[in-house]
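The following exercises ask the reader to work through a protein model step by step. Each task is followed by its solution.

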Amino acid sequence: QNQMVINRQLHIYIGIFWQSWLHPMRESLSLSILPHPSLFPAGILQPPLYDPEFPQSLNYGGIGTIIGHELTHGYDDWGSHYDKYGNLKKWWTEESYERFIKRALCIANLYESFTVYDQRVNGQLTLGENIADMGGLKLAYYAYQKWIRDHGPERPLPGLKYNHNQLLFIAFAQNWCIKRRSPSIYLQLLTDKHAPEQYRYQSLYI
């Protein structure tokens, strides 16, 4: 009987491993609750998200915000139900969870106020991704401030009026530069857990 349990657990973990395997050219990241891997395929570590020759402000605003996004998923409306071992477990205090729900409702209501082609964004459907966008930008900004404290401020880029803190936010907005056809937008609003791209950055600047 113990051997059957071990075999079953091994089968589950192998299944998770293969589901989590990403092609190196894939240009997206993911976080799995069990057993908490963060996957960084090589394909995403290239411009405009990352380049070792870029100013750090652009790297933190690009790949930094996306890494922060995936980390925040561990504490959003879905990840908050799983403990550090990937177990479905209530590990927050009642007070913490009540405060989280209250703030999450504010985020849902904010996105419910956005419309595309007279179709309202579903604030509950997109809640987890919206929380992750906000958390990712915040984490990247704080990480960049630590980098400045450790290495000193970066030189201004010639010919640009923006400072590097502003460039971080511009790089974040550039992550979501995309053009969709109308049918794709309608389908996204109805089925996608991600908000339309323009609101993934505009909402954070309100």
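**Exercise 1. A turn between two strands**

In which loop is the place of Asp 118? Describe this residue together with Tyr 117.

Solution. The model under study is a predicted one.

Step 1. Asp 118 is placed in the loop between β3 and β4. Tyr 117 is also placed in the loop between β3 (115–116) and β4 (119–120).

Step 2. Consider the backbone. Phi of Tyr 117 is near 55°, a positive value in a residue that is not glycine. For Asp 118, likewise a residue other than glycine, phi is positive and near 65°. Most residues other than glycine have a negative phi.

Step 3. Consider accessibility. Because its relative accessibility is 78%, and exposed means over 50%, Asp 118 counts as exposed. Tyr 117, at 46% relative accessibility, counts as partly exposed.

**Exercise 2. Chain architecture and an unusual peptide bond**

State the order of helices and strands in the protein chain, and then locate the cis peptide bond from Pro 47 to Pro 48.

Solution.

Step 1. The protein chain holds 7 helices and 4 strands. Along the sequence they follow the pattern α-β-β-α-α-β-β-α-α-α-α.

Step 2. The peptide bond from Pro 47 to Pro 48 is cis, its omega being near 5°. Most peptide bonds are trans. Pro 48 belongs to the loop between β2 (38–39) and α2.

Step 3. For the chain as a whole, 37% of the 206 residues count as buried. Among contacts in the protein chain with a separation of 6 or more, 56% join residues 24 or more positions apart.

**Exercise 3. Two glutamates and a threonine**

Decide whether Glu 129 is buried or exposed, and do the same for Glu 197. Then list their partners and compare the setting of Thr 93.

Solution.

Step 1. Glu 129 lies in helix α4. Since its relative accessibility is 6%, and buried means under 20%, Glu 129 counts as buried.

Step 2. Not counting residues up to four places away in sequence, Glu 129 touches His 69, His 73, Lys 193, His 194 and Arg 200. With one of these, His 194, the side chain of Glu 129 makes a side-chain polar contact of 3.2 Å. The C-alpha atoms of Glu 129 and Thr 72 are separated by 9.2 Å, although these residues are 57 residues apart along the chain.

Step 3. Glu 197 is found in helix α7. With a relative accessible area of 10%, Glu 197 is buried. Its contacts, leaving aside neighbours within four places in sequence, are Trp 176, Ile 178, Arg 180 and Gln 188. The side chains of Glu 197 and Arg 180 form a polar contact of 2.9 Å.

Step 4. Thr 93 is placed in the loop between α2 and α3. Its relative accessible area is 46%, and it is partly exposed. The side chain of Thr 93 makes a polar contact with the side chain of Ser 96 (2.9 Å).

**Exercise 4. The core and helix α5**

Which residues have the most contacts inside the largest nonpolar core, and which residues of helix α5 are buried?

Solution.

Step 1. The largest nonpolar core has 22 residues, and those with the most contacts inside it are Tyr 111, Val 121, Leu 127, Ile 131 and Tyr 199. At least two residues of this core come from each of α3, α4, α5 and α6 (182–191).

Step 2. Take Tyr 199 in detail. Apart from residues up to four places away in sequence, Tyr 199 touches Tyr 111, Phe 114, Thr 115, Val 116 and Val 121. In soluble globular proteins, nonpolar side chains tend to be buried together.

Step 3. In helix α5 (residues 164–174), the buried residues are His 164, Leu 167, Leu 168, Ala 171, Phe 172 and Ala 173. An α-helix has 3.6 residues a turn, so residues three or four places apart point the same way. The cover over the buried residues of α5 includes α2, α4 and α7 (197–202).

Step 4. At the start of α5, a side-chain oxygen of Asn 163 comes to within 3.1 Å of the backbone nitrogen of Asn 165.

**Exercise 5. The second largest pocket**

Which element gives the largest share of the lining of the second largest pocket?

Solution.

Step 1. The second largest pocket holds about 440 Å³ of space. Of its 15 lining residues, the closest to its centre are Tyr 75, Phe 100, Arg 103, Ile 131 and Lys 138.

Step 2. The elements that give two or more residues to this lining are α2 (56–72), α3 (94–112) and α4 (127–151). The largest share, 6 residues, comes from α3.

Step 3. By type, the lining residues divide into 9 nonpolar, 3 polar and 3 charged.

Definitions and conventions:
Residues numbered from 1 in each chain as written. Predicted model: local features only at pLDDT ≥ 70, side-chain atom pairs only at ≥ 80, totals over all residues. Heavy atoms only, no water. 1 Å grid on protein atoms, 1.4 Å probe; cavity = no way out; pocket = protein on both sides within 12 Å on 5 of 7 lines; lining within 4 Å. Points joined across faces, edges and corners; volume = space filled by probe spheres on them. Nonpolar A, V, L, I, M, F, W, Y, C, P; charged D, E, K, R; others polar. Buried < 20%, exposed > 50% of the residue type's maximum accessible area, 1.4 Å probe, protein only. Contact = heavy atoms within 4.5 Å. Polar contact = N/O pair within 3.5 Å; in protein donor to acceptor, adjacent residues only side chain to side chain. Core = buried A, V, L, I, M, F, W, Y, C linked by side-chain atoms within 4.5 Å.
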